Amino acid sequence: SNTKIINMASIKKDDNKQKWEETEFPLVCETCLGDNPYVRMTKETHGKKCKICDIPFTVFAWQAGTRGRLKKVEICRTCARSKNVCQVCIYDLQYGLPVQVRDKILAEEGCKDAVVAVPQSDANRAWMTAQQERDIEQGKAIQGCVPTNSAAAMKLQSMARMEPRYERNLPKLCSFFAKGECNRGSQCPFRHELPRDKNDPLSKQNTKDRFFGTNDPVASGMVRRQKEKAEK
């Protein structure tokens with residue numbers, strides 16, 4: 001049997017393991033849940049390390065709708081709460097926008113205090129996480145990442161993308177189809193489309209960039225389109 005027996009007493013004695021996150025439900029957006037009103041999730045306690053803080057956390061996985069692929073949470077719930085983002089796509093939960101876009105608007109509209117700068121160093125991030133967990137336990141909401149004036153709120157609302165975008169859940173591209181070698185036909189679980197140009201910036205996305213709001217090609221494209229629209 002592959003069943004692993006974990007001695008919880010030894011975990012409780014280990015300071016590092018005490019910080020491991022256990023949760024009952026993920027913090028995810030409507031898009032990532034998919035179009036099926038009934039979602040069956042698998043749950044793996046301490047299933048992998050968070051891509052932001054490296055702390056092991058509870059991993060949830062599910063089929064994202066009728067045509068969607070299997071989705072898993074990528075970052076821990078604590079990190080997601082610190083930026084008010086979905087644990088899967090790392091988009092803002094209130095406005096459906098990339099962090100880079102949301103934080104840019106907050107800063108430009110005089111809400112710099114609302115922009116949560118998550119430390120990049122492990123020690124500082126651990127301290128911030130402990131502070132946030134204490135606030136949550138005491139019933140205090142994390143105040144960052146929300147507009148503190150009407151100008152910022154209106155601008156974010158005008159750019160908000162709150163309608164579910166289920167196309168983001170489609171299966172990954174079939175690498176064998178791209179080489180002309182896939183023989184599964186309609187039974188293939190992957191998409192039979194040719195891949196994007198390798199130089200397309202959208203093909204170079206990663207979780208950390210999205211979370212910290214840096215070098216995010218999706219955000220850059222949105223800002224550029226918004227600027228072009230304003231200039232017309």
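Mentor: Let's start with a term: accessible areas here come from the Shrake-Rupley method with a 1.4 Å probe. One more thing before we dig in: the model is predicted.

Trainee: How much area does the protein expose, and what share do carbon and sulfur atoms supply?

Mentor: The exposed area is about 14,700 Å², with 49% of that supplied by carbon and sulfur atoms. As for burial, 36% of the 232 residues of the protein count as buried.

Trainee: Which helices and strands should I look for, and how many are there?

Mentor: You'll find 10 helices and 3 strands. From the N terminus on, the order is α-α-α-β-β-β-α-α-α-α-α-α-α.

Trainee: What makes β1 and β2 a pair?

Mentor: Two strands need at least two bridges to pair, and β1 and β2 have 6, in the antiparallel sense. The 6 clears that cut-off, so they count as paired. As a landmark, Lys 48 stands opposite Phe 57 in β2.

Trainee: What is odd about the phi of His 46?

Mentor: His 46 has a positive phi, about 55°, although it is not a glycine. You'll find His 46 in strand β1, residues 41–49.

Trainee: Why is His 46 called buried?

Mentor: Buried means under 20% relative accessible area. His 46 has 17% relative accessibility, so it counts as buried.

Trainee: And why does Asp 54 count as partly exposed?

Mentor: The partly exposed class runs between the 20% and 50% limits. Asp 54 is at 44%, so partly exposed is the right label. Asp 54 lies in the loop between β1 and β2, and that hairpin has 6 residues between the strands. Like the histidine, Asp 54 has a positive phi although it is not a glycine, here about 70°.

Trainee: What makes a set of residues a nonpolar core?

Mentor: Its members are buried residues from a set list, such as Val, Trp and Cys, joined through side-chain atoms within 4.5 Å. The largest one here has 29 residues, and Cys 50, Trp 62, Ile 75, Cys 79 and Phe 211 have the most contacts inside it. At least two of its residues come from each of β2, α4 and α9, and β2 gives the largest share, 4 residues. A second, separate core has 11 residues, including Ile 105, Cys 111, Ala 152 and Met 222. As general background, nonpolar side chains in soluble globular proteins tend to be buried together.

Trainee: What is Trp 62 in contact with?

Mentor: Leaving aside neighbours within four places in sequence, the contacts of Trp 62 include Pro 26, Cys 32, Met 41, Leu 70 and Val 88.

Trainee: Why are Phe 211 and Phe 212 called an edge-to-face pair?

Mentor: Check two values. Ring centres must lie within 6.5 Å to pair, and planes over 60 degrees apart count as edge-to-face. By that rule the count comes to 1 aromatic pair. Phe 211 and Phe 212 are 5.2 Å centre to centre with 90° between the planes, so both conditions are met. Both of these residues are buried, too.

Trainee: How do you know that Arg 168 lies over the face of Tyr 91?

Mentor: The distance limit is 6 Å from the ring centre, and there is also a limit on the angle to the ring normal. Arg 168 is 4.5 Å from the ring centre of Tyr 91 and lies over its face. Lys 179 does likewise over Phe 176, at 5.6 Å from the ring centre.

Trainee: Which residues of helix α5 are buried?

Mentor: In α5, residues 99–108, the buried ones are Val 99, Val 101, Arg 102, Asp 103, Ile 105 and Leu 106. Their cover includes α4, α7, α9 and α10. Just after α5, Gly 110 takes a positive phi of about 80°.

Trainee: Why isn't Ala 107 called buried?

Mentor: Ala 107 is in α5 as well, but its relative accessible area is 29%, so it falls in the partly exposed class.

Trainee: Last one: why is Asp 92 called buried?

Mentor: Its relative accessible area is 2%, under the 20% cut-off, so Asp 92 is buried. Asp 92 lies in the loop between α4 and α5. Beyond its neighbours within four places in sequence, Asp 92 is in contact with Asn 84, Val 85, Leu 97, Arg 102 and Cys 145.

Note on methods
Residues are numbered from 1 along each chain as its sequence is written. Side-chain values use heavy atoms; hydrogens and water are left out. Rings of Phe, Tyr and Trp (its six-membered ring) pair if their centres lie within 6.5 Å; planes under 30 degrees apart count as stacked, over 60 as edge-to-face and the rest as tilted. Buried means under 20% relative accessible area, exposed over 50%, partly exposed in between (1.4 Å probe, protein chains only). A charge sits over a ring if NZ of Lys or CZ of Arg is within 6 Å of the ring centre and within 35 degrees of the ring normal. Contact means heavy atoms within 4.5 Å.
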